[in-house]
Amino acid sequence: MWWQESGDGHDRRLGHFAADDADGELTRKTPPIDPLSSLQGLGSFPPPPTLNPPVWNPPAWEPPAWTPPTGGPPPAPAVPGSADVPTPPEHPRPEAPAAPEVPVFPPPQHGEPEVPVFPPPQHGEPGPPPPADIPPAGTSSESLRPDRLLRTRRRPPVGGWRRAVFNLTGGLIHPQDSKAERHRQELIERIRQPVAAGHFRVAVMSLKGGVGKTTTTIGLGATLAHHRGDRVIAVDANPDRGTLSEKLRVESPATVRHLLNDRAGIWRYADVRSYTSQAPSRLEVLASDRDPAISEAFNADDYRAVAQILERFYSIAITDCGTGMLHSAMSAILDMSDQIVLVSPVTVDGARSASATLDWLQAHGHQDLAASAVVVLSAVKNPRRSAVNINELKDHFTKRCRAVIGVPFDPHLEQGSEVDLDLLRTATRDMYLEVGATIADRFGPGAAT
């Protein structure tokens, strides 16, 4: 047996020695220790309280009343007894942007068509896309214009020192056109305007012979035909032997009388073309009867029949009237004309005859033709030997008609033979451009009425 006591006197242990069965040695045996024996001196602990789980009786559930959202999430419904249980802190939640207000449009009234109304785009929002069938600006084929693509679109100078400089520099130096050339191009543009009515009739007339009436007819017709792309024809309506066909190279021996006799078989332009002659300017001429054996004069009915044939194939018809106002065809010519050109020489008696013609037109119901007439002062002789005050003549006729244009003397016209525009002086060609542009101003819609 053995006894062990700790130094402070509180711990005592009792043991014994036992013999080993194997070798007879004594070993110290310690009795088992009670784990609660060391706590007996410390007193006793109260028993732990009995924890019973709470019993939750939920109340009868009622659906909450719905209220429209105001931009934030709705509050969570209160749970009974939740005040005793701590709730986790709520983190701030970003507010969603308010939805844009869409305007409300009243419904269409009864009988009104329903038109789809789209709300206007808000600030910062892209607008509706353009229609698919309309390409953006600058991307269609119409934007590929020559004036935008070609660097050398300008027309080279016509002549003079400007053309010489242009040719010597190989086009690197391109002088601007002169003021006269720019005015000339403006006249050509006026001449080229289309005939709105499809056909336009011009009557060239004078009371006296030998004043340049037929020459004016050829000069005006050649100018129009040269600068236009449609067909222009000049008709010799002189009841006697006319000289219009002598102003160009004759291609066909046929006359206006042959056309009248064969009018039942004319259906195409090629049929009419076999009765006319064409000048280098593309002007066609229908000659009058030149056979002295013909006793039947060209009358009003004949002119109406010819005019009805020509209006089907030509855009402009210029009639070279006979001298005088009382011959048989003049009544039909005036009734069907859209414009008259009154030719007067730069002489005292010629100017009086032209002014008397305007008096006759006003007295016989043709006031509109007289007011819209174009007076051509033709210098058939060299004006250096003339003492007539041309400015005084222009002032007189300007007060009575629409325009007064003076055609200067030209040696090529004085010869009385075939008229070629390329052989005329520049001043003469420019004056015929003025006459043509002045007449073409009435080609537009409503201008000839």
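**Talking through the sheet, the pocket and two loops**

Trainee: Let's start with helix α9: at about what angle does this helix run to β9?

Mentor: Good place to begin, and keep in mind that this is a predicted model. Helix α9 covers residues 348–363 and lies across two strands, β4 and β9 (339–345). The angle between α9 and β9 is about 155°.

Trainee: And helix α11, which strands of the sheet does this helix touch?

Mentor: Helix α11 spans residues 390–398 and packs on the sheet. Its direction makes about 165° with that of β10 (374–378), which is one of the strands touched. The full answer is β10 and β11.

Trainee: Which strands are the edge strands of the open sheet?

Mentor: Let's walk along the sheet: 8 strands with mixed pairing follow the order β6-β7-β5-β8-β4-β9-β10-β11. An edge strand pairs on one side only, and that holds for β6 (277–278) and β11 (403–407). So, reading the ends of the order, by the two-bridge rule for pairing, the edge strands are β6 and β11.

Trainee: Over how many bridges do β4 and β8 pair?

Mentor: Strand β4 holds residues 200–205 and β8 holds residues 316–320, and they pair in the parallel sense. Within this pairing, Val204 stands opposite Asp320, and Val202 stands opposite Ile318. The count of bridges between β4 and β8 is 5.

Trainee: Which residue in β9 is the bridge partner of Val202?

Mentor: Here we turn to the pairing of β4 with β9, where the strands run parallel and 4 bridges join them. Val202 sits opposite Ile318 in β8. In β9, its bridge partner is Gln339.

Trainee: How many residues of β4 are buried?

Mentor: Look at the directions in which the side chains go: Phe200, Val202 and Val204 point one way, Arg201, Ala203 and Met205 the other way, and all are buried. Buried means under 20% relative accessible area. The strand is therefore largely enclosed by the rest of the structure, with the count of buried residues at 6 of the 6.

Trainee: What share of the 449 residues in the protein chain is buried?

Mentor: As background, the chain has 13 helices and 11 strands. Residues 24 or more positions apart account for 72% of its contacts with a separation of 6 or more. The buried share is 35%.

Trainee: Which elements give two or more residues to the lining of the largest pocket?

Mentor: The largest pocket holds about 640 Å³ of space. Of its 28 lining residues, the closest to the centre are His226, His227, Leu421, Asp422 and Arg429. The lining divides into 13 nonpolar, 6 polar and 9 charged residues. The elements you asked for are α3 (179–191), α4 (213–227) and α13 (426–440).

Trainee: With which residues is Ile173 in contact, leaving aside its neighbours within four places in sequence?

Mentor: Ile173 is in the loop between α2 (160–168) and α3. Its relative accessibility is 46%, so Ile173 counts as partly exposed. Measuring C-alpha to C-alpha, Ile173 and Arg163 are 10.0 Å apart in space and 10 residues apart in sequence. The contacts of Ile173 are Val165 and Phe166.

Trainee: One last loop: about what value does the positive phi of Arg282 have?

Mentor: Arg282 belongs to the loop between β6 and β7 (284–286). With a relative accessible area of 37%, Arg282 is partly exposed. Although Arg282 is not a glycine, its phi is positive, at about 80°.

Note on methods
Residues numbered from 1 in each chain as written. Predicted model: local features only at pLDDT ≥ 70, side-chain atom pairs only at ≥ 80, totals over all residues. Heavy atoms only, no water. 1 Å grid on protein atoms, 1.4 Å probe; cavity = no way out; pocket = protein on both sides within 12 Å on 5 of 7 lines; lining within 4 Å. Points joined across faces, edges and corners; volume = space filled by probe spheres on them. Nonpolar A, V, L, I, M, F, W, Y, C, P; charged D, E, K, R; others polar. Contact = heavy atoms within 4.5 Å. Axes fitted to C-alpha atoms, helices over the stretch in contact; angles between N-to-C directions. Buried < 20%, exposed > 50% of the residue type's maximum accessible area, 1.4 Å probe, protein only.
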